[in-house]
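Subject: A structure to look at, with some notes

Dear colleague,

I am handing over a structure that I would like you to look through at your own pace. Please open it first, and then read the notes underneath with the structure beside you.

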Amino acid sequence: MKNFVYSIPTNIYFGKGQVEKLGKILAPYGRKVLLVYGGGSIKKNGIYDTVTGLLEEAKMSWEELSGVEPNPRITTVRRGAQLCREKAIEVVLPIGGGSTIDCAKMVAAAACYDGDAWDLVKNGRAIKKALPIVSILTLAATGSEMDTFAVISDMDSHDKIGTGSPLLRPAASILDPSYTESVSAYQTAAGTADIMSHIFEAYFSRTDGYMQDRMAEGLLKTCIEFGVKAVEEPQDYEARANLMWASSWAINDFISLGKPVAWSVHPMEHELSAYYDITHGVGLAILTPHWMRYVLNEDTAPKFKAYGVNVWGIAKELPDMEAAGLAIEKTAEYFRQLGLPSTLTEVGIDDQLFEEMAEKVVPQLKYAFMPLDKEAIVSIYRAAL
Ligand code: NZQ
Ligand code: ZN
């Protein structure tokens, strides 16, 4: 285990009705709020009315940045930052999934920056200051509610870039699992695949962390147990609660502390989303089994076997390669059980841009579990067709 500094300072208000504390939670940060939300789900399920009622009660004023896109755009970030400056906003309050929270994070940073917001997407270290962020999560998936990252797209240049800074970690997040009961089966399944992928990215590392890996396996088992349940029974509170808490812990740094990780499947998926605007978790579910098959060899097999034995209950007496292969097939089967597409063709992607996308991925995989060159990445894309 390598040296690390542990600091995960987001205050979490977890459970039914925690939103009632909103006024108190916001008060230390200011009274002028920027409410950020997406395409309107919060108006349909009533969260918007609840939150604005609470803001009124707490005598807070607010402006709104609405229409944040899934795969949020830099143009929306710029619009939000402008609003913050014009209206002297003190605290940013996203209500939604990862897209809304990511957009809000970059708005919070760009509002305190003199140059163009895209500079901060390209280089997280340029973020020197950000407005405080309090998030209300409505979809269990990205972990943005408790992490330091934001992923923003420029659809004109087909760039989708993940940036990060400790200043982007929300000061507080309200996690009410009942808020996720209106999430569609498709987004619930995609969210589950995303949570699992975050865990895989940390788990499949060349540096061991015994404790972190056992935690990771527990989180994976949680996703496997409750992902399908939430898809089949959207009002299953326990399923929603377990998925929600797993989403935060998958990526809040804890399971990767002491074991440096460089992600593999996310960079490949981000290109698919940047060029074809597909749902992030769906792209991950399609690519993950193919990536696993590609990187499986005598050297990596023991790690895949550990995953198979500890997560899927595969017999530990089996030879490494056989157990590893079974674990990978279990993974693919689970994504199918969630009802997710298993080929790129199903989501309208053909082989035309594989080379162009792969070229952008290569530098990001330099320190990955297995560094991959352009040909390898194209092979993985091709296998997923
Ligand atoms: O926009 P609205 O109307 O709110 O509808 C959204 C959207 O259409 C809907 N939704 C959210 N909560 C709902 C709901 N519908 C009904 N009831 C609710 N309670 O779900 C749709 C998808 O929302 P989105 O926020 O896009 O989903 P997700 O949370 O999966 O976020 C995906 C984005 O996060 C990035 C992804 O790349 C993608 O851009 N990521 C962010 C990360 C991070 N910050 O750490 C890491 C991830 O790996 C990921 O890259
Ligand atoms: Zn993800």
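The notes below go through a metal site, a pair of helices and a single glycine.

Please keep in mind throughout that this is a predicted model. The zinc ion (ligand 2) is coordinated at 2.0 to 2.2 Å by an oxygen of D194 (OD) and by the NE2 atoms of H198, H266 and H280, and along the chain these donors follow the spacing D-x3-H-x67-H-x13-H. Two of them, H266 in helix α10 (residues 265-276) and H280 in helix α11 (residues 280-295), are 14 residues apart, and both H266 and H280 are buried.

Helix α11 also packs against helix α15 (residues 374-383), with the two axes 9 Å apart and an angle of about 130 degrees between them, which means that α11 is oblique to α15. The crossing of α11 and α15 is right-handed. On the α11 side the contact is made by L287, H290, W291 and Y294, while α15 contributes A376, S379, I380, Y381 and A383; sorted by class, this contact has 7 nonpolar residues, 2 polar ones and no charged ones.

Finally, where does G308 lie, and is G308 buried or exposed? G308 belongs to helix α12 (residues 301-312), and because its relative accessible area is 0%, G308 counts as buried. Leaving aside residues up to four places away in sequence, G308 touches G313, I314 and A327, and its C-alpha lies 7.2 Å from that of L326, although G308 and L326 are 18 residues apart in sequence.

With best wishes

Technical notes
Residues numbered from 1 in each chain as written. Chains lettered and ligands numbered in written order. Predicted model: local features only at pLDDT ≥ 70, side-chain atom pairs only at ≥ 80, totals over all residues. Heavy atoms only, no water. Donors = N, O, S within 2.8 Å, 3.2 Å for Na, K, Ca; no water. Helix = DSSP H or I, 4+ residues; strand = E, 2+ residues; numbered from the N terminus. Buried < 20%, exposed > 50% of the residue type's maximum accessible area, 1.4 Å probe, protein only. Axes fitted to C-alpha atoms, helices over the stretch in contact; angles between N-to-C directions. Parallel < 35°, antiparallel > 145°, perpendicular 65-115°, else oblique. Left-handed = near helix turned anticlockwise from the far one by under 90°. Contact = heavy atoms within 4.5 Å. Nonpolar A, V, L, I, M, F, W, Y, C, P; charged D, E, K, R; others polar.
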